[in-house]
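Open your viewer and keep the selection box handy. We will go from one stop to the next, with something to look at each time.

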Amino acid sequence: MKRVLCLLAFLYAVHETHAVEYSVTNNALATPGGVAFRDKIGAEYAKQTLDSATKFIWNVFQQNNPADRKNVQKVSLFVDDMDGVAYTSNDQIHLSARYVGNYNGDVKREITGVLYHEMVHVWQWNGNGGAPGGLIEGIADYVRLKANYAPSHWVKPGQGQKWDQGYDVTARFLDYCDSLKSGFVAQLNKLMRSGYSDQFFVQLLGKSVDQLWRDYKAKYGNIA
Ligand SMILES: [Zn+2]
């Protein structure tokens, strides 16, 4: 009996540590953007980036235990001939070949940042669908910021109109919140596993999110 239990524990451990699989499919090779992806980024680099992003995200979210994470076995990246930048659904990341082809500057660094952002959507909790969209996007950009892939066109700290404006504005605000209590974003994401409430800010930092936003704006002289 003891031996059977040992075997079960072993099989469970093997299963739990099974690595995430990644695939990259370039559906836009007939377009200049698809060719630019192939020549300036490449499937192999993209795959490595998906893997590094996953490990970085687990670390930021303090998800050391597989039980803390979403159960995702495979993440697929598609380079598509489409408008916009990128989107993620059902563990599939879709990257715009047109965006790659038209980007002026260090396109490899930019797409690395985009992939970090999209990969957060694969792993983050969304409050069972109840979290504000701006917060979801803010957390994705917060991770991108922490990975040092924030582009130069982002707002500066203290800029923006409201805390859940999303993207860079919310990312900078979350960075401020995390400076008040290290690990704040990881704790917030944990709380968002089963639902969402603005009260999570009170729970973690002792102040309402509106008060925190006022404090944040005041710290930077209430710039626009
Ligand atoms: Zn996003």
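Which residues are buried in helix α2 (residues 32-40)? Select the helix and colour G33, G34, A36 and F37, which are the buried ones. They lie on the same side of α2, because they cover an arc of only 160 degrees around its axis. The helical repeat helps here: an α-helix has 3.6 residues a turn, so residues three or four places apart point the same way. Keep in mind throughout that this is a predicted model.

Now show what lies over those residues. The cover includes β1 (21-26), β2 (74-80) and α4 (97-102).

**Just past α2**

Next, select I41, in the loop between α2 and α3 (43-60). Is I41 buried or exposed? I41 has 22 C-beta neighbours inside 10 Å, and therefore counts as buried. Beyond its neighbours within four places in sequence, I41 is in contact with A46, K108 and I111. Add V107 to the selection and draw a distance between the two C-alpha atoms: I41 and V107 are 66 residues apart along the chain, yet the separation is 7.9 Å.

While you are here, click on G42, which follows α2. The phi of G42 is positive, near 90 degrees.

**Zooming out**

Let the whole chain come into view. The protein chain has 10 helices and four strands, and along the sequence they run α-β-α-α-β-β-β-α-α-α-α-α-α-α. Along the principal axes, the C-alpha atoms fill a box of roughly 60 × 55 × 25 Å. Of the 224 residues in the protein chain, 35% are buried. If you turn on contacts between residues at least 6 apart in sequence, 65% of these join residues at least 24 apart.

**Two helices that cross**

Select helix α6 (residues 133-146) together with helix α7 (residues 167-180). Two packed helices are described by the angle between their axes and the distance between the axes. For α6 and α7, the angle is about 70 degrees and the axes are 7 Å apart. An angle of 65 to 115 degrees counts as roughly perpendicular, and α6 and α7 are therefore roughly perpendicular to each other. The crossing of α6 past α7 is right-handed.

Which residues of α6 and α7 meet? Show side chains for G134, L135, E137, G138, I139, D141, Y142 and L145 in α6, and for Y167, D168, T170, A171, L174 and D175 in α7. Colour this contact by class and you will find seven nonpolar, three polar and four charged residues.

**Two backbone stops**

For the last part, look at phi values. Most residues other than glycine have a negative phi, and most peptide bonds are trans.

Start with Y167, which you already have on screen in helix α7. Its phi is near 45 degrees, a positive value in a residue other than glycine. Y167 is partly exposed, with 18 other C-beta atoms within 10 Å.

Then move to N128, in the loop between α5 (107-123) and α6. What is the phi of N128? N128 has a positive phi of about 55 degrees, although it is not a glycine. As for its surroundings, N128 is exposed, with 11 other C-beta atoms within 10 Å.

Methods. Residues numbered from 1 in each chain as written. Predicted model: local features only at pLDDT ≥ 70, side-chain atom pairs only at ≥ 80, totals over all residues. Buried ≥ 20, exposed ≤ 12 C-beta atoms within 10 Å, placed from the backbone. Helix = DSSP H or I, 4+ residues; strand = E, 2+ residues; numbered from the N terminus. Arc of directions from axis to C-beta. Contact = placed C-beta atoms within 7 Å. Axes fitted to C-alpha atoms, helices over the stretch in contact; angles between N-to-C directions. Parallel < 35°, antiparallel > 145°, perpendicular 65-115°, else oblique. Left-handed = near helix turned anticlockwise from the far one by under 90°. Nonpolar A, V, L, I, M, F, W, Y, C, P; charged D, E, K, R; others polar.
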